[in-house]
Amino acid sequence: MKKMITKETEVKQLVEWDKKHFLHPTSNPKEGATTGPSIIFSEGKGVYVKNAIDGEQYLDAMSMLWNVNLGHGHQELAKAGSEQLASLACTSSFKGFSNEPAIQLAEKLASITPGDLNTVFYTSGGSESNDTALKLARFYWGLKGKSEKRNFIALNKAYHGVTMAAQTATGIPTFNEFAGSNIDGVFHAEAHLLNCELGDQDDPNYANSIRGIIEREGADTIAGIILEPVQGAGGVNMPPEGYLQAVRDICDEFNILFLADEVICGFGRTGKMFGVDNWQVTPDMMSIAKGLTSGYAQLGGVMMNEEIRQTFANYDGVLSHGFTYSGHPTACAIGLKNIEIIERDNILENVKNMEIEMKKGLDYLQQKYPFVTKSRSLGLLSAFELYEDPATEKLFESRVFPANTVVNESFKQKLIVRAVGAHNQGIAIAPPLNINKQEIEDIFERMDAALTAFQKKIK
Ligand code: PMP
């Protein structure tokens, strides 16, 4: 018999079922099976979410997984979804089938994405978008009579998802190496070697740069370069000024496609509609997901430019790639409403204003705690780092797990933040984009208490 969760069901029972029947993503399975969840989200309003286990409100300073950009419990998004669900929940988009929300959203996306990006291929999330971008790039070069152009360059510390091609492009070893599931033909360059990309061959890192790899492998074998405008899960790593333009120039010089992974940066996270807009750079393809619907439905996509669109439009065969949920009308209706709200409520302006408050809070922490350093924010994509001695860049001993410890202390303060970075030294903060000044102050009051507790622990 199917188990129904009734109001009377004890939270304890839910925890037991979770331990027994729910294998959690990106989690420690042993811990999951023994300790169970620390939080069972039950309801949310704005930046706050309720935990059914302790009945307390938590401040979601990560927008869950950098995606709930308009915050929790947004009734207009719920209404857009429920209206579409009630009228026509799901359709196919294969072979001549289409639906209104998917068409309207495609037109909207064409109008807000930079340059001549004007066509979308819909997916259900970020990993699917990146796998799609890589496959479509290979398909494009095949149609151009250059099928030997099939390899890709990605960056170390990149996160592009967990499907096999996206996992391969990911430059974080634990994800990249998981279950030995890589595809062939992906090379990793060191992140953000601006001088090399500008042509400095004397730089000792040159061989590991994008330019160095292209010279070694031959441009006629490289289909595309994929990167996040600002790296997210790899540590909230900002590119140096001029970097994205340098990559754009390399792509033009060597006839390579520039694939921007905007899964985190897109839809206002950095204070511009898209991350690349901060540097006025236009990629050839752009992966989108997360903030496209603020997480109210599973939707992603790949935007492509006019040249790619035209090339595909002249192909008189079957494009044998597509998902059951490509162009899902309910997800698209929510996406449309989400963009309408971002524009109507001047969310980008709020992000720029709240970036100032975020930086004030980060400065305060950095002045108060000698081990807090390297704080940074672009829009509401923020991080700081924990070093035993920032002056000499001495990291804490690995057994300290500084970021995990601060995340745990934050959790005790009912604050949700996330550990990032290769040495467990980074803390990411990325709250919903409609957050206000008081709520940002609330983040920093709780983080202040968490860092005080951390300081006591390391003494
Ligand atoms: N690209 C980036 C930049 C991401 O941050 C993520 C998710 N964190 C993905 C791709 C994968 O998206 P999804 O989890 O929706 O597959």
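Two strands count as paired if DSSP finds at least two bridges between them. Helices (H or I, at least four residues) and strands (E, at least two) are themselves DSSP runs, numbered from the N terminus. The model described here is a predicted one, in which local features need pLDDT of at least 70 and side-chain atom pairs count only at pLDDT 80 or more, while totals for chains, interfaces and linings use all residues. Residue numbers start from 1 along each chain as its sequence is written.

A small hairpin-based region makes a convenient starting point. Strand 2 (residues 48-51) pairs with strand 3 (residues 57-60) in the antiparallel sense over three bridges, and Lys50 has Gln57 of strand 3 as its bridge partner. Five residues lie between the strands of this hairpin, where Gly55 takes a positive phi near 75°. Strand 3 also pairs with strand 13 (residues 415-416), this time in the parallel sense and over two bridges; here Leu59 is matched with Leu415 of strand 13.

The next element is an open sheet of seven strands, in the order 4-10-9-8-7-5-6 and with mixed pairing. Strand 4 (117-123) and strand 6 (186-189) stand at its edges with a single partner strand each, so one side of each has no neighbour in the sheet. On average, neighbouring strands of this sheet are turned by 20° against each other, direction ignored; axes are lines fitted to C-alpha atoms, for helices over the stretch in contact, and angles run from 0 to 180 degrees between N-to-C directions. At one edge, strand 4 runs antiparallel to strand 10 (residues 300-305), and six bridges join them. One of the bridge pairs links Val120 with Met303 in strand 10. Helix 5 (residues 100-112) lies across strand 4 and strand 10, at about 135° to strand 4.

Turning to the ligand, 15 residues surround it, and the closest are Gly125, Gly126, Ser127, Gly161 and Val263. A residue is taken as near a molecule or strand if its C-beta atom, placed from the backbone, lies within 6 Å of it. Helix 6 (residues 126-143) supplies three residues, the largest share of the shell. By class, the shell holds six nonpolar, seven polar and two charged residues. In this scheme Ala, Val, Leu, Ile, Met, Phe, Trp, Tyr, Cys and Pro count as nonpolar, Asp, Glu, Lys and Arg as charged, and the others, Gly among them, as polar.

A second open sheet has four strands in the order 11-12-15-14, with antiparallel pairing. Its edge strands are strand 11 (372-378) and strand 14 (418-420), each of which pairs on one side only. Neighbouring strands of this sheet are turned by 25° against each other on average, direction ignored. Five bridges connect strand 11 with strand 12 (residues 381-386) in the antiparallel sense, and Val372 finds its bridge partner in Leu386 of strand 12. Helix 14 lies across these two strands, strand 11 and strand 12, and runs at about 180° to strand 11.

Helix 14 (residues 347-368) also packs against helix 16, their axes coming within 10 Å and crossing at roughly 20°. The two helices, 14 and 16, are therefore roughly parallel, given that angles under 35 degrees count as roughly parallel, over 145 as roughly antiparallel, 65 to 115 as roughly perpendicular and the rest as oblique. Residues meeting across this interface include Met354, Met358 and Leu365 in helix 14 and Ile440, Phe444 and Leu451 in helix 16; contact requires C-beta atoms, placed from the backbone, within 7 Å. By class, this contact has nine nonpolar, one polar and three charged residues.

Helix 16 (residues 437-458) has a further packing partner in helix 15 (residues 402-412), with axes that come within 8 Å and cross at roughly 130°. That angle makes helix 15 oblique to helix 16. Among the residues in contact are Thr405 and Val406 of helix 15 and Ala450 and Phe454 of helix 16. Six nonpolar, two polar and three charged residues make up the contact of helix 15 with helix 16.

Finally, helix 4 (residues 75-88) and helix 13 (residues 329-344) pack at an angle of about 150°, their axes 8 Å apart. Helix 4 and helix 13 are therefore roughly antiparallel to each other. Their contact includes Leu77, Ala80 and Leu85 of helix 4 and Ala333, Ile334 and Ile341 of helix 13. The residues of this contact divide into eight nonpolar, four polar and two charged.
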